[in-house]
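Me: Hi! I have a structure open and could use some company while I look through it. Can we go over it together?
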Amino acid sequence: MAEPLKVVVTGAAGQIAYSLLFSVAKGDVFGPDQPLELLLLDITPMMEVLNGVVMELMDCAIPLVKNIVATDDPKVAFKDADAAFMVGAMPRKEGMERKDLLKANVRIFKAQGQAADQVAKKSIKIIVVGNPANTNACIMSKYAPSIPKANFTCMTRLDQNRAQAQIASKLGVSNGDVTNVIIWGNHSSTQFPDVAHASVNINGKKVTVPEAVKNDNYLKNEFIKTVQQRGAAVIKARKLSSAMSAAKAACDHMHDWFFGTKGNDFVSMGVISDGSYGIREGLMYSYPVRIKNKTWSIVQGLDINQFAREKMDATAAELTEELEAALAECEA
Ligand code: NAX
C-alpha cells in the first residue's frame, strides 16, 4: 500500500467539513487504495467540538484512515501536507454582504498561507472554499511564495454543479448527460454561468445546450440568475449556507485535480489568471480547465460573444476591487 497522503481540512468542526470529512475518509477523493492521514484544523474555542468529530471519524472505522490529528495550530496542520481543503472561515449569514466577510477572512488566509509556506510540501494542492474564496486563495498564495501559484485554486465547482443540475432538470435528462458548463469569474452573484459551449446527451445524441433548450431568453436571464442566487436561496430556506452540496463539490474539484478530466471535457476552477480571455493577470478567476498529470490548463480558443464579454468583465471588475481591498487589509 502507498504511503498515507497528508490531507488538511480547515474549519474541520464546521458544517461543510462534517460532510466533507466522511467523503474524503472513505476514498471518494483520493481513491479507494490511498491511505490517508487527516489533519484537522479549527480555532481554539472549537477544540471540544472538533474532538467530537474525531470520535465520530474513529467510530466510522474506515480502513483507509491511518491517523487523525486535531489541532488549532496551522503549523501542525500543514506539516508536510500533500493536499488542503481550506474551509475554515466565517460563513455568510442571511442578509450579510460579501464585503463584510472580506475583512474577517483575509487575515485568516494570510496567516495560513504563511504557515503552509513554512511547513507544507511544495507540491501541496490547495482548494479554498471559505469565502470570499477567490480572493482568499489569492491572498494565501501571496503569503506562501515558495509554493507554486498553480497549486492554489478556489472552488466554483458548486456553481458548476448547480448550473448543470438546472439544465438537466429543465431538459428532463440526468445530471451526467450535461457536460462543459462553464463558470467564469468570482464565486459570487456576479459569476457568469455560461452554457454556450456546453453539450447535452439526448437519447444518445450529443447536442449543444442552446440547441436543446431552444430558449435564449431563459438562458440569458432566469437560468443565470437562478445559479447566481442559489447560495442565497439555500440560506433563506435552510437558515444555513450550503453544506452537503458544497462538500460534494469540493470533493469533485480535488478528485479531478488528482485524477484528471475525461477526454475533451472540462470543469471550472478558480485559478490564477495568466491573462487568458483578456482577464487581468494575477486575479484568481474561474475558468474552464482541463487536467492531466495533476496539472490544470485553461481551455483556450472558446468563442466569446459580446454578451459573454460583458459578463466576464463585470465579474473580473468585482474581483479586482475585492483583491485591492484585501491587499489593503493585509498590509494595514
Ligand atoms: P461553519 O461556520 O459551519 O464552519 C466554519 C468553521 O471554520 C468553524 O468551525 C470555525 O470555527 C472555523 N474557523 C473559523 N476561523 C478559522 C480559522 N482561522 N482556522 C480554522 N478554522 C476556522 O461554516 P461552513 O458552512 O462550514 O462554511 C465554511 C465556509 O465555506 C464559509 O466561508 C462559507 O461562506 C463558504 N462556502 C463556500 C462555498 C463555495 O462555493 N466556495 C459554498 C458554500 C459555503 O457558503
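Me: At what angle do the axes of helix α5 and helix α12 cross?
Reply: Happy to help! This is a predicted model, and in it the axes of α5 (residues 133-142) and α12 (residues 306-331) cross at roughly 45 degrees. They come within 10 Å of each other.

Me: What do I call that arrangement, and why?
Reply: The two helices, α5 and α12, are oblique to each other, because an angle that is neither under 35, nor over 145, nor from 65 to 115 degrees counts as oblique.

Me: Is the crossing of α5 and α12 left-handed or right-handed?
Reply: Right-handed.

Me: Which residues make that contact?
Reply: From α5 you have Asn134, Thr135, Cys138 and Ile139. On the α12 side there are Leu319, Glu322, Leu323, Ala326 and Cys330. By class, the contact of α5 with α12 has six nonpolar residues, two polar and one charged.

Me: Now another pair. How do the axes of α6 and α11 cross?
Reply: Helix α6 (residues 157-171) and helix α11 (residues 244-259) have axes that cross at roughly 105 degrees and come within 8 Å. That angle is between 65 and 115 degrees, so α6 is roughly perpendicular to α11.

Me: And which residues touch there?
Reply: Arg157, Leu158 and Asn161 of α6 meet Ser245, Ala246, Ala249, Asp252 and His253 of α11. Three of the residues in this contact are nonpolar, three are polar and two are charged.

Me: Changing topic: how many residues surround the ligand?
Reply: There are 29, and the closest are Gly11, Gly14, Ile16, Gly88 and Ala89. Helix α1 (residues 15-25) gives the largest share of that shell, with three residues. Sorted by class, the shell around the ligand has 16 nonpolar, eleven polar and two charged residues.

Me: Where is there a cis peptide bond?
Reply: Look between Asn131 and Pro132, where omega is about -5 degrees. Pro132 sits in the loop between β5 (125-128) and α5, so you have already met the helix that follows in our first pair. For background, most peptide bonds are trans.

Me: What about phi of Asn180?
Reply: It is near 65 degrees, a positive value in a residue other than glycine. Most residues of that kind have a negative phi. You will find Asn180 in the loop between β7 (178-179) and β8 (182-184).

Me: Last one: what pLDDT does the chain average?
Reply: The average is 96, and 98% of the residues score at least 70. The model also scores ipTM 0.99 and pTM 0.97.

Terms used
Residues are numbered from 1 along each chain as its sequence is written. This is a predicted model: local features need pLDDT of at least 70, side-chain atom pairs count only at pLDDT 80 or more; totals for chains, interfaces and linings use all residues. Axes are lines fitted to C-alpha atoms, for helices over the stretch in contact, and angles run from 0 to 180 degrees between N-to-C directions. Helices (H or I, at least four residues) and strands (E, at least two) are DSSP runs, numbered from the N terminus. A crossing is left-handed if the near helix is turned anticlockwise from the far one by less than a right angle, and right-handed if clockwise. Two residues are in contact if their C-beta atoms, placed from the backbone, lie within 7 Å. Ala, Val, Leu, Ile, Met, Phe, Trp, Tyr, Cys and Pro count as nonpolar, Asp, Glu, Lys and Arg as charged, and the others, Gly among them, as polar. pLDDT is the predictor's confidence in each residue, from 0 to 100. A residue is near a molecule or strand if its C-beta atom, placed from the backbone, lies within 6 Å of it.
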